[in-house]
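Welcome to this set of exercises. Have the sequence and the 3D view ready, try each task on your own, and then read the solution one step at a time.

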Amino acid sequence: MAKKTRSFARWQLPVALLALLLVRPIVGFLFTGTDAEYSYSEFKTLVQNSAVQEVVIMTDRIEGTLHEGGSFYTVRVNDPGLLPILEEYNVNVRGRNPNPLFAWLFPLAVMIGFSFWMMRRIRGTDGGMGAGLFSFSKSKARMSEGEHSGVTFEDIGGAREAITDLQEITDFLKDPEHFQRLGGKMPKGVLLVGPPGTGKTLLAKATAGEAKVPFFSLSGAEFVEMFVGVGASRVRDLFGQAKKKVPAIIFIDEIDAIGGKRGSVAGLPTNDEREQTLNQLLAEMDGFQPTTGLILIAATNRPEVLDTALLRPGRFDRQVVVGLPDLTGRHEIYKIHTENITLAPDVDLENLSRITPGFSGADVANVINEAALLASREGKDAVSAADFDSAIERVVAGSERRTRAMNEREKKVVAAHESGHALTAALLPNVDPVHKVSIIPRGNALGYTWQRPVEDRYLMGQGELEERLIVLLGGRAAEKIVFSEVSTGAADDLARATELARRMISEYGMSEKLGPVRLAADTRTQYLGVSGHLDSSISTTTAALVEGETSRLVSDALKKAMELLNSHISSLETLMQRLCEEETVSGERIKAILENEKAPNKESSSLKVVSFTTGVE
Ligand code: ATP
């Protein structure tokens, strides 16, 4: 629906501008009623030929009618001899001052009307709740009656602890008196914190659905508009609307968009509009009693940036963590989202849950949708395990891009690179096993090695992280061995390896030289995982040491990857060949290649054993 409005506006704008440009001439034409344009000399000739019946002389033009019918106009020039000629040829002469109403007021009115119309379109207040010419200060809250939203806690997989916390709110909204009989007070606000796509919005909706109360929802970003003061008035309006419908729930998604720390940017001016909006929100929260039956639920995945004033008692004093679902949670989400999908008998939802650790509820929903689309595209009657496999691959690595043509040399380089990743992953005991390796471009990558985890992991040892580094450097190591030179293809691997190595040193205290200290700045957000830089308070000597240790870890990993691949050089060659011929090789076949490997002997392989010579490139 929104899409339709957008495409409508896209063609409307140029058309409307064009219309505006035409308004003046069109209006001029309508109100003057002329149709033929003559030069001044032509006009005079016509008069002298007794063809002109009447003229109207205006400030800058002369309009007239002809004896034989039809009208004309010409430009008025300063010609004192005109009047005597007109009198001589019996032309009826009239004079007229331009009518200000038609000449200017009308186009002006059209322009003003058009500007307001544009403003309404741009601000999207055309239609919907409280729409009107001046309604952009009104909140655009979407209201849905709890009874009809249809969402309940049954629709949520996992998130048991969060549901228990929110259950209390629904109990209160259903029967406030019972809840307060011992003098307890309900919280005014509940803050749902957790990574994106974990179902925070769904939980808030389900809370309203369970309590059968109206649900007003607005995203933090929707408060802040280009005009100062609009955000604050939207907050006022939102609370005003909700108070009329108590008991009710107000849900503010992405509250960090307005609730960030005030005046926190050292020495720099802060965003006044955002601050005003936040102040208004705080004032509104203080202005009602929980007994009124209005509960505010907000969601964020950046709790660390929120202003402390929002979190103090009497405001969002209850925080509910909505984490990524565990194995059981994912299994429940798979079950909920496949309820209306025809599954083939080979689909094992528990196995699917096992191979997708780290997936959020939204990722799982996306996988199921992709699988169903794939199956229907192929005209199947049911969604099979193979469709799920392709869908997971698509969600993890992006869509295949078979149209991206690679020349033979590039194909070989990619095959060597991916074989390096795949073989190191298959040879090392503590990394996720290889599911498949492919040189079909996907997303932005020219090829990819898909390692599939077997279980959820919450803790990793130093040895495991070092093995991860070796796999990341496996691609570059293989390129060095096969071609004796390196390509640009490892840029992303190097970035990820460097980040991991730096975190091992600055966050996990895994360097003997630097000891068990934290050296990273606190810029990493808890749920979005943006990697941190070094703390600005550490000395340049320590920073140099961190860089030195990072580079040592990455170089060591490259060295180990090269040693590992050199000792399995015939498998490297076989896997490369297979990839060049077949484009995709499964994890089982990689295992078989390694099991049938010929003894490392120089004759059996055309590849030379290349030893590690330089540091990190
Ligand atoms: P964001 O932080 O990005 O706003 P969110 O945490 O609010 O995300 P939702 O918008 O609630 O996440 O989830 C997106 C979709 O993912 C939901 O509509 C639902 O289909 C699915 N989903 C997410 N979590 C769950 C869950 N626990 N159970 C069932 N479905 C879920």
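A polar contact is a pair of N or O atoms within 3.5 Å; within protein, one must be able to donate a hydrogen and the other to accept it, and residues adjacent in sequence count only if both atoms are side-chain atoms. This is a predicted model, in which local features need pLDDT of at least 70 and side-chain atom pairs count only at pLDDT 80 or more, while totals for chains, interfaces and linings use all residues. Residues are numbered from 1 along each chain as its sequence is written, and side-chain values use heavy atoms, with hydrogens and water left out.

**Exercise 1. The ligand and its polar contacts**

Task: Find the distances from oxygen atoms of the ligand to Lys 200, Gly 199 and Asn 301.

Solution:
- Step 1. Begin with Lys 200: an N or O atom of its side chain is 2.8 Å from a ligand oxygen.
- Step 2. Go on to Gly 199, where a backbone N or O atom lies 3.1 Å from an oxygen atom of the ligand.
- Step 3. Finish with Asn 301, which has a polar side-chain atom 3.4 Å from an oxygen atom of the ligand.
- Step 4. Now look at coverage: on its own the ligand has 630 Å² of accessible area, and the protein covers 77% of this. Such areas come from the Shrake-Rupley method with a 1.4 Å probe; for residues, only the protein chains shown count as cover.

**Exercise 2. The shell around the ligand**

Task: Which helices each supply at least two residues of the shell around the ligand?

Solution:
- Step 1. Collect the shell. A residue is near a molecule or strand if one of its heavy atoms lies within 4 Å of it. The ligand is surrounded by 16 residues, and the closest are Gly 157, Gly 197, Lys 200, Thr 201 and His 337.
- Step 2. Assign the helices. Helices (H or I, at least four residues) and strands (E, at least two) are DSSP runs, numbered from the N terminus. The answer is helix 8 (200-211), helix 14 (327-337) and helix 16 (361-377). Helix 8 gives the largest share, three residues.
- Step 3. Sort by type: the shell has five nonpolar, eight polar and three charged residues. Here Ala, Val, Leu, Ile, Met, Phe, Trp, Tyr, Cys and Pro count as nonpolar, Asp, Glu, Lys and Arg as charged, and the others, Gly among them, as polar.
- Step 4. Check the domains, whose bounds come from an automatic or database domain assignment. Domain 2 (142-262 + 271-321) and domain 3 (327-397) each give at least three residues to the shell.

**Exercise 3. A five-stranded sheet**

Task: What is the order of the five strands in the open sheet?

Solution:
- Step 1. Two strands pair if DSSP finds at least two bridges between them. The order is 1-4-3-2-5, with mixed pairing.
- Step 2. Look at the edges. Strand 1 (36-37) and strand 5 (92-95) each have a single partner strand, so one side of each has no neighbour in the sheet.
- Step 3. Follow strand 2 (residues 52-57) to strand 3 (residues 61-66): the two are antiparallel, with five bridges. They form a hairpin with three residues between them. Val 52 has Leu 66 of strand 3 as its bridge partner, and Val 55 stands opposite Gly 64.
- Step 4. Turn to strand 5, which pairs with strand 2 in the parallel sense over four bridges. There, Val 93 is the bridge partner of Val 55.

**Exercise 4. Strand 7**

Task: Why is strand 7 (residues 189-193) largely enclosed by the rest of the structure?

Solution:
- Step 1. Buried means under 20% relative accessible area, exposed over 50%, and partly exposed in between (1.4 Å probe, protein chains only). Strand 7 is largely enclosed because five of its five residues are buried.
- Step 2. Recall a general pattern: in a regular strand the side chains alternate between the two faces of the sheet.
- Step 3. Compare with strand 7: Gly 189, Leu 191 and Val 193 point one way, and Val 190 and Leu 192 the other way.
- Step 4. Find the partners. Strand 7 runs parallel to strand 10 (residues 294-300), joined by five bridges, with Val 193 partnered by Thr 300. Strand 7 is also parallel to strand 11, with four bridges, and Leu 192 stands opposite Val 320.

**Exercise 5. Two residues with polar contacts**

Task: Are Arg 315 and His 421 buried or exposed?

Solution:
- Step 1. Arg 315 sits in the loop between helix 13 (308-311) and strand 11 (318-321). Its relative accessible area is 7%, so Arg 315 is buried. Its side chain makes a polar contact of 2.7 Å with that of Asp 286.
- Step 2. His 421 belongs to helix 18 (residues 408-427). With 8% relative accessibility, His 421 also counts as buried. A polar atom of its side chain lies 2.7 Å from the backbone oxygen of Val 471.
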